[in-house]
Structure formats: structure tokens, C-alpha cells
Amino acid sequence: MRRQYLLATTSVMMAAFAALATPAAAQTPPPADTTVGEVVVTGSYIRGAAENAALPVDAIDAEELQKQGRPTATELIKSLPYTGPVMGESNQFTPTAQARLGAGTINLRGLGAQRTLVLLNGRRFMEGTADTYMLPIGAIGRVEILKDGAAATYGSDAIGGVANFITRKNLDGLELGADYRYVPGSDGDYTLNATWGWATERSNILLSGGYQHRSPLRTTERDWAFPEWTENPTGWSALGNPGPFLPLSAAGLPTAGITRDANCEAQGGVANFTGTTPICTWSYVPYLNLIEKEDRYQLYGEVNSELNDSTRFHAEALYSFSEQPEMRSSPGYPPLSGPAGPGSVGVFSAPISNPGALTALQQAGLSAAQIAATQRVSLLLWRPFATGGGPIDGMGATSKNSYTLFRVSAGVEGTLWEDINWSVAGTYSRSTTHFEIQDVLIDRLQRALNGLGGPGCTGTTPGANGCQYYNPFSNALAGNPAEGLSNPGFVSANANSSEINRWLLGTVTTDSVTDYWVLDAVLSGQLGVELGGGAIGWAAGAQVRGSVYDFSPGPLNDANVNPCPVLGTSACTFRTGPFIFQGQQVAAHLTDRIYAVFGELNLPVTDALNAQLAIRYEDYGGDTGSTTNPKLAIKWQATDWLALRGSVGTTFRGPTAVNRAAGGATVLQGIIAAGNAFKSIDLFGNPAVGPESADTYNVGVIVSAGGLRATVDYWNFKLQDQIVTVPANVIATAIAGAGNGSQFVNCASPLRPLITFSSGNVCTQGVTRAADMQRIRSDTTNGPEVRTSGIDAQVEYRFPDMFAGEVTLAANASYVLKYEQAAFTYEGALVSNAYSALGYTNYDRLPGTISRFRANAYAEYTRGPHNLRLTINYIGGATDNRGPTVIQTASNSGCTVANAGTTAGCSLITFGLRVEPFTTVDLNYRVFLPWDTTLTAGVLNVFDEDPSKARLELSYDPFIGNPYGRTVRVGVVKRF
């Protein structure tokens, strides 16, 4: 396989160098489709030039994107050194919270994607954390990124900075584009774009359509993704099938000890222990995808027209749809709830009449007397579907996610008098989210174990009148389809039918709709006051934003419709809902409205000294209240080649309607204290949650001399009262510490009310263990202070006449100096001590992986129609702050890190203790061909670098590395 990669890489390289070695062809670049004039740049409502301004703004145009090989919006964002943790490939097992599954977010300064404001043509893109995958790829002409707090200009959410995606202007004709990325082990990724423009001197129209497809990549296609249990136990579970069981007499007394299913190892499991209890540990990793299948569609239209000499009209409309139709997860979930309430041990049982029960006892080697005395078998540390595959297609279970965005924006601007401009605009968007996943129904499972299952079951006689048994033992399994294993203990007569498998399932669905609208009005111009450098510029305006959020759970997971284990009933002791694993939700209808006014001054003090002043007032009403945020930015052109700039101000983010909602939702998460077993996390809003604010400042140097262009900026953020949900892992670790789940919990902890335990939610000191945690409540609150600072540096040097062409050398780097999290208290209890997040993975705490150093550098050669660029990308490594862990490999009273090296039956796990840096080399080639055709070709990760080890389910850190390996991308654009 590697030989094929090397051949592909060599072919592309040789073709590129051969083309550059020949005399330059007569072809010239296609005409630019943009006209650059005096524009309003990101960070100000006063007209100016982006990279010459006092604010640190990066402008990336279509030409630059083409030289990079036409990356997606998310690929572009991930390549920027000053971004923090950003998801892009794997989405299911993210260590830190995301906006939603499959989203591509922007996280400037590592402060969280919710603190980066995304704009489209200078106006808010969508409510909440924006998904860059919803942007119209073919219509984007340039991207401007403000790496500084901007609440004084744009209001809430712009704490870390602003990303402004600006569409193309004045395209006249039709442009068709296609890209294909060859990904070893999958069917590859491809993109199709069609963009049409019509332009006159006074008007233009732009229409664009795009389609992107991402093929799934299974974990089994990468040898590093599925290590042995004794290397990385994270993706392994003690709750499986096969699982241990306890034979019981008619009186409920054990007829034998806890017994491990005889076919554990034949099914790919590991025969080991938890304490002195024999278990069968198995891995769900082979059933997962490293990259999920995804399809995305965008339709975009825009019209600009000069209505008269002083009035201009702009309107745009966007429709985007994104779906993950078959996101793979574990074949099935463990029972966190049973007929009698919360629990995962022995909550289900099978009578001896179950076809698999007698065979299981015999295969396990029980004596004839023990078997004769057994009337029922209690299922311990078990789940209905595991090593034998899922109930639908024998592989991992699938969930379906889809997201739709409809957005329209229109505005009119003009000139009132000679020196006063005005603009009014309105933006409306509707985003909808649909999610569905299947889970086993509590009541149906126990009925099927008793022989009363199946859609055609009538009467009360087990196994008769259309009633079927569900066999919970390994003798029902033909093998492990993900690993290609056969089960010698399989008895075909005991196999479960696909009919009974499907009948056990119910569908969990959630739908949410957010209607969001923004009204803007801005006046700008020049005062009749002259300073040494010219007239004072000014802008003032007002904004009103509003949203309506509706959340609707499906009938099976609606706590107001089916609160009990038995469908259609409402009287029960434990209102856990009807599913063995998935939780419940309640419908919600939330509204929000925010009012704002703002002002801005541009003060050209002298020809060399310029200052910008801005201030904004926003009112959220209710308990949140209002905020006023000023900002000052200064630029001093000290010499022709040297300039100094700096800014200082405050920024603000108000809580969303969901943050302030009294209700909540339920998600699943691996809990470190419980040996990374997945538990239900109940997320709750808080009507009293307050706003968060930040003090920011930035100082920088700009050097521009001849072919040299360089900037260096020091930035500093102090974030206070951050809006967070109390991390479930932090709560669990505070009560039980880190471990494999066998350690005792502190029942006297003030955080104990946030946890629901098995056995009727009873917590007994010295008895209840971390593995007994079933549900964790994660409340929204104002969290601890965060301080972070660092240095950005960019340098570019152009050699305009070298090797019969132009050579450019450039580098872009960001070095984080500190990222400190203050102590976190909640409800009077210490949740976590103060700590430095810098250089750590922070998997079990905020804010996620923070690498100290990120950088990229490139060397580029342009000759006539040819352009060749070699790029080196570097993301610094991080240390796993959780430290090493231990696993139990033999019967033992327990394992800890302290005695793991000396206690028999314990193994110390240091896998991924240090996540190494990820360095890749990309080679991209672009050529302008005849007939207005542009060809791009590239090899990404030329040397096929694997991501470094990390103690996560997929064995790598998605914020540092990626699972693609060496890939080849080819694209073509044809203009008519």
C-alpha cells in the first residue's frame, strides 16, 4: 500500500517540476472577478485597508486559497496557527464540547468556538456557534480574520475574534469546478461547484451551487487506530456480549459463582477481571469510523445594484443542508436502566427455558447438579449487542444527523449629504437540526428474554403463538464481523432472528428549530474637524437581535409522554424512560431579544499616527442585564518601513436562550472515573446565568521593506465568568477520582446530588463504586477566570526575479505563553483546583488540548502560468494531564497507579502519555491552461505521517493530528 502512495506522490511531483522546467506557456491567469476599492474591513464600520490597519486582521483571498489547493473552510481554519482545538474529521468522541456532531467550527485563541463570531459579508452568519460547512464554498472570494476581541464593534460572541467570509464580486460568466481527494482506505472526498455571475457597471448578480461528499473511513483501515487492550484500554468496555452471568435457583440463590461466558476470547474479547469478578472486556473500536460519511449542499444567490448615483441595494440568500446519514457507533449500548430503575449489573435475566441459557451453562463447564438447580440466569456487566455486531446490519449501530440553514439578508445604503453615509439591513435565518438513533427498549428486552418477544406475539406462553425468545448468550453469535472472527461455540438453532433484533429497538429523535433575526442601522462619514493627518472619521449605529428556539423530542424519549420503563404508562418509581441507555428530554420554547447601540471614531492625529475609538452598549434584559464595552486601537507609522500598533478593550458574551433554559438535554460521554465507560450526561440550563466578559490587549510591529513583509503581535486575554456547563468528568473525578471504576466514591461530597447511582440511587460509603454512577447532571453556570497570552508572527519575502520566475518564502506562527484556569467552585464545593492548561491535552477538563506552538511555512515558485508551493505544517504536542492509568489483568482486590508496578495482576498504561507533535509536508501545484481552465494538484502529508498516540477511543488527538495519512487531491476549474 505504501508503495502505491509513493508512486502517486512521485508522479505528481515529477509532473509539477517538469511543467515548471519548460519555458513559460502563453497562457495567463484568468481575469480577476473582484474589484478592490475602498471597503469596510473586518473590525471597523469606517472604511480603510485591512492589513494596514491598527487591528491585527489577516486577509486571505481566492488566489491564496487556490495556491493552497482549494481547501475547505474547515481545512483553512485548521491550518491557521492562531486557532485552538478545531474538529474536522472525527466528531463522535471529541474530548471537549462541540456545537454539534459534524460541525466545522472556528476557535480563535483556544477560547472556544462559541467565542469566535462568524460573519458573512460583514453580517452575523447564524445564531450560536457557526458551522463553516454551511458556507457557500464556491461563492467565497476572501476571508478576513480579526485576531482580537471585537465586542465594541460587533457585540456578543466576538471575544476571541471575528472571521468574516466575503463573497465574490463582479464575476461575469460561468465557472465550473470539481475536486477529488484520494484517501487510502475509503472512496475519497469530492466537491462540485457551479458559479454564475453577471455584471454591469451598476449591478451584478452571483449564483452559486455546491456539493461536497466525504466518504467514511473505518478504524480497521488504519493499523494505529486499534491497539491491544493492554496498550490503550480506552475503547474497550467491561459491559459486553459475551458477558459474565450468575446462575440462580428458583429461590434466587446462586447455584454457582459468577461465570464468564465460554466464548469470550473466540469473539475477540479479553478474559480478565474487575476486582475478583471475571469479566469479558471487548472493544467497540473496530465497529467505528475515523471519518464519518457526510454530504453537504449549498445554494447561494446575491444581487448588488446601484439604484441611483447615491443609493445601493444588496440582497443575498443561502440554503445549506448537511447530513451524516449513517454515523457509526458501538453495536449496542449497555443497560444503564432496567425494569426496576437505574443499574447496570443484573438488571436483566433469562429463564432456563431461554434456548441459549442451557447451552451457555454447559459450555461454561457447570456441573449437571448446578445446571439442574438453575432456574434463571442473571446477566451481569452485559449488553444486548456487542461483539456479534449490531441488530440492523451486523456492524456498528448508526445514528442519523441532518442540519439545514436558510438565511436571507438585504440592505440599502447610500449618501445623505456629501460626507454622511447611511445603511440599513435586515438578516433572518432559520436553522433546523434533526437527530435520531436507536436503542433497546427496557420492557421489550425483558419480555423477549422471557420468551414473549416479537411483533407477532400473542398470549402468555413463552415461545408460542408468535412469541420469540431473545438469546443473550454467545452461542447465538456466529462470530465477530468487524474483526473477521468465527465463533466455535455458535449454535445456529439458538441464533436470534433479525425480526426479534429489530423488534427490541425504539428510535430516539430530537428536532430543534432556531429562528434568528438581526436589524442593523449605521451612519458614517467625516466630521468637519481636521487633525494633522486628515478629517476625523466616524460611525454610529444601532442593532436589534432576536431568536426563537423550539426543541421537540420524539414520543419515545419525551419525558412528558413516556416517562416509565413500560411504554404508555406514567406511574413508576423511577422515571428513567423506556430505553436501557438513552435518556429523556422535554420540549422547550425559548425566546431572546437583545438591543445595542454603538459608536466609532477614526482619529488621524498626524500623517504617521492614527487612533480608533469604539464603544458598544448591549442590553439582554432579565437577570443577564446589560454591558458597555469600549476599545482603543492605535497605529504609529514610525518610518517608511516600520509601524507599531496596539489595542486595548473589553469584550462580552451573553448567554443564549438555551443557556438560560430551565430544562435540559441528554448526551453520552466516557467517564474517566468509571474506566471511561459511557454514561448519560443530563445538561441543564440556568435562568440566572450571567454574562461573561474579557479584558484584552494587543501590541504589534509591522515591517514592510522591499520584498519583506512581517508582523509580530503580542496578545493577552483575561476571561471572567465564563459560561460553562460543569464538566461531567470533573464532577465524577471530584467524587470518585480517576480509575477503572472499582474505586469507592465519596458519598459525603457536596456534588453527590448531581449523580444518579445504580441500585435505586443509593450511595453507601465504602460500598458504592465509581462504576455504579449511571447519570451525571451537568448544570450551566458562570465558571472560573481564564488568562491566556501569546505571540503571533508572520513573515513573507518575495524574490521577484529568481530562476526566471518569482520565489516567495513565508512563515506563520503562534506561540502561547500561558493558559491559566482559576479554581472552580460550584454550589459551595470545589470542583477543580487552579491549573495551567498550556501544553496539556485537558481531556477531562476545560478547555481541551492547548499546544504551545503552532506554525506553518512555505516556499513558493511562480513562473508564467505555473505555481508550485511546498508547505510544512507543525502542531506542537501536549502531555496527558491525567497521567498514567492502570488496568487489571488478573483476579485482584484493585489497582492504583501507585502500586501498579508491584501488585500482581495490574498493568501500567502509559500509551499517549505524551502526544507528540504532528508535522506534515504538503505539495501543491497550480497551472493556468488554455480555454480559461485552471488545474490544481497536490499531495497532502507527503511523508505519510501518522498521528501520535493518545489515550482516546480512536487512539489519536483530533486537535493535533488527523487520520487521513498521505492523500492526493486534484481539482479543475473551467470558466466560460
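The legends below describe close-up views of a three-stranded sheet with its helices and of disulfides in a predicted model. Residues are numbered from 1 along each chain as its sequence is written. Because the model is predicted, local features need pLDDT of at least 70 and side-chain atom pairs count only at pLDDT 80 or more, while totals for chains, interfaces and linings use all residues; side-chain values use heavy atoms, with hydrogens and water left out.

**View 1. An open antiparallel sheet of three strands, ordered S13-S22-S21.** Strands (E, at least two residues) and helices (H or I, at least four residues) are DSSP runs numbered from the N terminus, and two strands pair if DSSP finds at least two bridges between them. The edges are strand S13 (245-248) and strand S21 (348-351), each pairing on one side only. From one strand to the next, the twist averages 25 degrees. Four bridges join S21 to strand S22 (residues 376-379) in the antiparallel sense. Serine 349 has serine 378 in S22 as its bridge partner.

**View 2. Helices H5 and H7 against the sheet.** Helix H5 (residues 355-363) lies across S13, S21 and S22, at about 105 degrees to S13. Helix H7 (residues 442-449) lies across S21 and S22 and runs at about 25 degrees to S21. Contact means heavy atoms within 4.5 Å. Axes are lines fitted to C-alpha atoms, for helices over the stretch in contact, and angles run from 0 to 180 degrees between N-to-C directions.

**View 3. The disulfide of cysteine 457 and cysteine 467.** The structure holds four disulfides, each a pair of cysteine sulfur atoms within 2.5 Å. Here the sulfur atoms are 1.9 Å apart, and the link is right-handed, with 75 degrees about the S-S bond. Both cysteine 457 and cysteine 467 are in the loop between H7 and strand S25 (479-480), 10 residues apart. Cysteine 457 is partly exposed at 22% relative accessible area, whereas cysteine 467 is buried at 5% (buried, under 20%; exposed, over 50%; partly exposed, in between; 1.4 Å probe, protein chains only).

**View 4. The disulfide of cysteine 564 and cysteine 572.** The sulfur atoms lie 2.0 Å apart, and the link is left-handed, with -80 degrees about the S-S bond. Cysteine 564 is buried, with a relative accessible area of 1%; cysteine 572 is partly exposed at 28%.

**View 5. The disulfide of cysteine 747 and cysteine 763.** The S to S distance is 2.0 Å. The torsion about the S-S bond is about -85 degrees, so this disulfide is left-handed. Cysteine 747 and cysteine 763 are both buried.
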